[in-house]
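Visitor: I am new to this structure and would like a close look at one part of it. Could you take me through the helix and what lies around it?

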Amino acid sequence: MKVKIQCWRGVATWQWMANDENCGICRMAFNSCCPDCKSPGDDCPLVWGQCSHCFHMHCILKWLNSQQLQQHCPMCRQEWKFKE
């Protein structure tokens, strides 16, 4: 006996599990993407610092590259270190 599928509709949803709803740098929602990306998901991941603040990866990398001497969290001004 063979079964022929007439119609199939996949439904899925995902969302990042972060402390906040928006990136503290670009102010875009974590479930969307940063201004540099075209679509949310694995191409625009979130990163956490040891201070527990969370940002889009592209946003924090731009922020850190713009800092002259010391690299601090834009929210709490602690020294920025990526959480492992």
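Guide: Here is a walk around the helix, then to the strands beside it and the core they share.

A word first on what you are looking at: this is a predicted model. The mean pLDDT of the chain is 85, and 94% of its residues reach 70 or more. Confidence is highest in α1, at a mean of 92, and lowest in β1, at 90.

Let us begin with helix α1, which spans residues 57–66 and has C59, I60 and L64 as its buried residues. Looking down the axis of α1, you would find these buried residues within an arc of 125 degrees, so they line one face of the helix. A general rule helps here: an α-helix has 3.6 residues a turn, so residues three or four places apart point the same way. Now turn to the face of α1 that points away from its buried side, and you will meet the exposed residues K62 and N65.

What covers the buried residues of α1? Part of the answer is the strands β1 (46–48) and β2 (54–56). Strand β2 holds H56, a residue with a relative accessible area of 0%, so H56 counts as buried. Setting aside neighbours within four places in sequence, H56 is in contact with a long list of residues, including C23, C26, F30, C44, L46 and V47.

Between β1 and β2 runs a loop, and H53 lies in it. If residues up to four places away in sequence are not counted, H53 touches V47, W48, C73, M75, C76 and W80. Try following one of these pairs on the screen: H53 and C76 are 23 residues apart in sequence, while their C-alpha atoms are 8.4 Å apart in space.

Finally, step back to the largest nonpolar core, which has 17 residues; the ones that touch the most other members are C23, F55, I60 and W80. The elements giving two or more residues to this core are β1, β2 and α1. Its largest share, 3 residues, comes from α1. You have already met I60 as a buried residue of α1, and W80 as a contact of H53. As for C23, its contacts beyond four places in sequence are M28, F30, F55, H56 and C59. Among these, C59 is one of the buried residues of α1, and H56 lies in β2, which brings us back to the helix where we began.

How values were computed:
Residues are numbered from 1 along each chain as its sequence is written. This is a predicted model: local features need pLDDT of at least 70, side-chain atom pairs count only at pLDDT 80 or more; totals for chains, interfaces and linings use all residues. Side-chain values use heavy atoms; hydrogens and water are left out. Buried means under 20% relative accessible area, exposed over 50%, partly exposed in between (1.4 Å probe, protein chains only). Helices (H or I, at least four residues) and strands (E, at least two) are DSSP runs, numbered from the N terminus. The arc is that of the directions from the helix axis to the C-beta atoms. Contact means heavy atoms within 4.5 Å. A nonpolar core is a set of buried Ala, Val, Leu, Ile, Met, Phe, Trp, Tyr and Cys residues joined through side-chain atoms within 4.5 Å. pLDDT is the predictor's confidence in each residue, from 0 to 100.
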